[in-house]
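Reader: I have a model open and would like to go through a few local features with you. Could you take my questions one by one?

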Amino acid sequence: MTAPSDKTRVLTGITTTGTPHLGNYVGAIKPAIAASQDPSVQSYYFLADLHALIKCQDPKRVQQSRLEIAATWLALGLDTDNAIFYRQSDIPEIPELTWMLSCVCAKGLMNRAHAYKAAVADNEESGSPDPDRGVTMGLFGYPVLMAADILMFNAHRVPVGRDQIQHIEMARDMGGRFNHLFKDQFFTQPEAVVDERVQVLNGLDGRKMSKSYENTIPLFVSEKKLQKLVRKIKTNSLEPGEPKDPDTCTLFQIYSAFASAEETAAMRTEYENGIGWGEAKNRVFEYLNAHLREPRERYQALLEDPAHIETVLRQGAERARAEAAPFMDRLRQAVGLGRFV
């Protein structure tokens, strides 16, 4: 067994503002759960519920999303014996570290954050006299909270999309600045991990599957609803018998994200032979439904037993705080906030 100190530390946060969909599963959940079962990796998976407050002021939505996301990861086989699975809000050391990092982080660094720049650009484009209209301190400073998430557990690797690489670089900057000011190697320099093999699924309308486009297929909808959504996937006007291009087809993309290489090759041949769109949609629905039936049942059982989910998350928080609390004591001492005796 690999000693914890020798393990590669990999950290992933899941913002709790929506219901997990097929794109989330293929792009993030499936590879993360595989990593959670690797004994050479110490995985940290957390519900980023403090981050959720930046985007969502609907407490019922945040609460329900936290429950749905936790149930999803558990239903799909997250190994909570190996991985540490917790709610961000259960770790009070994280907001405390956020403040410490805020005090060494240059405002100019935050001015360059993509989300803030995009908000300012939108205001300028709309003719607003205030470039910061609608910008909260949560939106402006959330890269500092993200840095605290990462640096608290000295993660070596942080799987992210390309749009998040900047935030990992910011965490490196803040951690390095803190190390320099307080003259010790408190923080590891994290690395962004972008897996180019991870697919970005298209949604019902052919654009990237995203709740902001309202084009998603939720992961654990009922069988009847799943069938209805698959039938809504946009296709072209080619008739049965006419060859079709699988590489530009959302249906084929979704199917191949779940199917084996042999099954995908067979479906590709069906496209070349002119499979009708109705038949293709039936095949995709039947395959997805069979693949998701058992985890859907586990998911529904978990939603009906929130006490079990609460127990799992509290146990995860205890493991996380067993690391965070003594580390924060060390950081307090370093900056002059330690106890007198």
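Reader: Which residues does Pro-143 touch, leaving out those up to four places away in sequence?
Author: In this predicted model, Pro-143 touches Met-110, Ala-113, His-167, Met-170 and Met-174, once residues up to four places away in sequence are set aside.

Reader: And where does Pro-143 lie, and is it buried or exposed?
Author: Pro-143 lies in helix α7, which runs over residues 137–152, and with a relative accessible area of 0% Pro-143 is buried.

Reader: How far apart are Pro-143 and Ile-168, in sequence and in space?
Author: Pro-143 and Ile-168 are separated by 25 residues in sequence, while their C-alpha atoms are 8.7 Å apart in space.

Reader: Switching to pockets, what volume does the second largest one have?
Author: The volume of the second largest pocket is about 350 Å³. It is lined by 16 residues, and those closest to its centre are Thr-98, Met-137, Gly-138, Gly-141 and Tyr-142.

Reader: Which elements give two or more residues to that lining?
Author: Those elements are α2 (49–55), α4 (93–102), α5 (107–111) and α7, and the largest share of the lining, seven residues, comes from α7.

Reader: How do the lining residues divide into nonpolar, polar and charged?
Author: For the second largest pocket, the lining divides into eleven nonpolar residues, four polar ones and one charged residue.

Reader: Back to α4, then: which of its residues are buried?
Author: The buried residues of α4 are Glu-93, Ile-94, Leu-97, Thr-98, Met-100 and Leu-101. They are on the same side of α4, because the arc they cover around the axis is only 165 degrees.

Reader: Why would residues with that kind of spacing point the same way?
Author: An α-helix has 3.6 residues a turn, so residues three or four places apart point the same way.

Reader: What do the buried residues of α4 pack against?
Author: The buried residues of α4 pack against α7, α8 (165–182) and α13 (306–335).

Reader: Last topic, cysteines: how many disulfides does a search of the whole structure find?
Author: A search of the whole structure finds zero disulfides.

Reader: Why is there no bond for Cys-103?
Author: The closest cysteine sulfur, in Cys-105, is 10 Å from the sulfur of Cys-103, which is too far for a bond, since a disulfide needs the two sulfur atoms within 2.5 Å.

Reader: And are Cys-103 and Cys-249 buried or exposed?
Author: Cys-103 counts as exposed because its relative accessibility is 51%, whereas Cys-249, at 8% relative accessibility, counts as buried.

Key. Residues are numbered from 1 along each chain as its sequence is written. This is a predicted model: local features need pLDDT of at least 70, side-chain atom pairs count only at pLDDT 80 or more; totals for chains, interfaces and linings use all residues. Side-chain values use heavy atoms; hydrogens and water are left out. Buried means under 20% relative accessible area, exposed over 50%, partly exposed in between (1.4 Å probe, protein chains only). Helices (H or I, at least four residues) and strands (E, at least two) are DSSP runs, numbered from the N terminus. Contact means heavy atoms within 4.5 Å. On a 1 Å grid over the protein atoms alone, a cavity is a set of points where a 1.4 Å probe fits but cannot get out, and a pocket is an open set with protein on both sides within 12 Å along at least five of seven lines; lining residues have an atom within 4 Å of a point. Grid points are joined across faces, edges and corners, and a volume is the space filled by probe spheres set on the points. Ala, Val, Leu, Ile, Met, Phe, Trp, Tyr, Cys and Pro count as nonpolar, Asp, Glu, Lys and Arg as charged, and the others, Gly among them, as polar. The arc is that of the directions from the helix axis to the C-beta atoms.
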